Amino acid sequence: MRRVLRALDMPLLVTTGLLVAFGLVALASAAVPLGGPWAYVRTRLLHLAFALGAMVAAALVDYRRLAGYSRWLYAAMLVLLVAVLLLGVTRLGAQRWIPLGPLGGFQPSELAKIVLVLSLARSLSTQPLPSTLSDLLAPLAHVGIPMVLIFRQPDMGSAMVLGAILLGMLFLAGVRLRLLVGLGGLGLMGAPFLWSALRDYQRQRLLVFLDPGIDPLGAGYALNQAKIAVGSGQIWGKGVFAGTQNLLRFIPEQHTDFIFTVIGEEMGFVGGVLLLLLFLIWIWRALQIAYTAADRLGMLVAGGIAVMTVFHVFVNIGMTVGLMPITGIPLPFISYGGSSLLTMGVATGLLLGIGARRRKILL
């Protein structure tokens, strides 16, 4: 038992615990004007129990064995993504959730990210490396099918995460940079078609990102209020449970996609930097595990998880301060949402398992 505990990546485990604790405090504060500090924390604790169980299971099951089932997992993911389009509940204009009674709803697009990391890692570690643009058709189709299904919900943010995972894992696998640049060029050529496929409110969000002043009380309202909240926190913040932008509910979805605004307003620049530091440590440990993994599959899985987390953190925090368009993706471990927390629990468990197996502690 001591050998197993010593083999676990303790900095990763401790950082994960600190991020979860940070998220609980921020969520309790964000929930004050929505029904009291416990309004969402009770359900969050239930989500945490499921995420902890998923983390332990993902660490104990050999990632090589799990990747061996990746085709079945991929097929199940597609079934769930189709099911949510046919049977899912609609909230805030998007059909993303399968109802689960008192637990809220399950969002298949969140779990799709980790399934895609596993299946793509297995494919890239067993197939010859793509050397021409035509060789990239297979991995493009691999990611493109779930991307289209998620985009139709609509969930542009999660679809973008899958695209980032593809590019990041192709880079880590050793695909030549010029091929990735060519792939990016093809993506830009498809931009006019993508623009025509967007809903009106999604186009407005992109236009407001370029010019926040064109619709300050409509599409630009959330972005402007978010920037006011983060800026008003100054160095030390207004204090937990004391943020006026938060308490007066100026910010929409302050407990989910915009929870960083609560941190920025109530904990200030210091709190924001501390949170970023915790994410940097978590991502650094993920990359360290990828670098020292026992095999190519482990390297790609750990690297894919790092890419996924970097993209989530950069886009979520970036959209609250005007550096990125509003796309609606959660801040890992912090935003309210059971599906996101469950996915990060599985991701953390996979990293711990890959790290421990490089020392042959876990078979």
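What follows is a conversation about how several descriptions of this predicted model are reached.

Reader: Why is Asp9 called buried, and what makes its contact with Arg285 a salt bridge?

Author: Buried means under 20% relative accessible area, and Asp9, at 5%, therefore counts as buried. Its partner Arg285 has a relative accessible area of 12% and is buried by that rule too. A salt bridge requires a side-chain nitrogen of Lys or Arg within 4 Å of a carboxyl oxygen of Asp or Glu, and the closest N and O atoms of Asp9 and Arg285 are 2.7 Å apart, so the pair qualifies. Asp9 lies in the loop between helix H1 (2–7) and helix H2 (10–31) while Arg285 lies in helix H14, so the pair ties together parts that are 276 residues apart in sequence.

Reader: How many salt bridges does this rule give?

Author: The count comes to 7 salt bridges. One of them joins Glu265 and Lys238, with the closest N and O atoms 2.9 Å apart. Because Glu265 lies in helix H14 and Lys238 in the loop between H12 and H13, this pair links parts that are 27 residues apart in sequence. Glu265 has a relative accessible area of 0% and is buried, whereas Lys238, with 34%, is partly exposed. Salt bridges that share partners also join Asp62, Arg64, Asp295 and Arg357 into one network.

Reader: What makes Arg64 partly exposed when Asp62 is called buried?

Author: Partly exposed covers what falls between the buried limit of under 20% and the exposed limit of over 50%, so Arg64, at 35% relative accessibility, belongs there, whereas Asp62, at 16%, counts as buried. The side chains of these two residues meet in a salt bridge, with 3.0 Å from N to O.

Reader: How do you know that the length of helix H9 agrees with what should be expected?

Author: At 1.5 Å a residue, the 13 residues of H9 (residues 177–189) should span 18 Å, and the end C-alpha atoms are 18 Å apart, so the two values agree.

Reader: Which residues of H9 are buried, and why are they placed on the same side?

Author: Leu179, Leu180 and Leu183 are the buried residues in H9. They cover an arc of only 100° around the axis, which puts them on the same side of the helix. The buried residues of H9 pack against helix H7 (137–151) and helix H8 (156–173), whereas the face turned away from the buried side carries exposed residues, among them Leu177, Arg178 and Met189.

Reader: Why is helix H16 described as largely enclosed?

Author: Of the 20 residues of H16, 18 are buried, so the helix is largely enclosed by the rest of the structure.

Reader: What makes Gln234 exposed and Phe241 partly exposed?

Author: Exposed means over 50% relative accessible area, so Gln234, at 60% relative accessibility, counts as exposed, while Phe241, at 40%, counts as partly exposed. Gln234 is found in the loop between helix H12 (221–232) and helix H13 (244–247), and Phe241 has its place in the loop between H12 and H13 as well. Phi is near 50° in Gln234, a positive value in a residue other than glycine, and phi of Phe241 is near 70°, likewise positive in a residue other than glycine.

Definitions and conventions:
Residues are numbered from 1 along each chain as its sequence is written. This is a predicted model: local features need pLDDT of at least 70, side-chain atom pairs count only at pLDDT 80 or more; totals for chains, interfaces and linings use all residues. Side-chain values use heavy atoms; hydrogens and water are left out. Helices (H or I, at least four residues) and strands (E, at least two) are DSSP runs, numbered from the N terminus. The expected span of a helix is 1.5 Å times one less than its number of residues. Buried means under 20% relative accessible area, exposed over 50%, partly exposed in between (1.4 Å probe, protein chains only). The arc is that of the directions from the helix axis to the C-beta atoms. Contact means heavy atoms within 4.5 Å.
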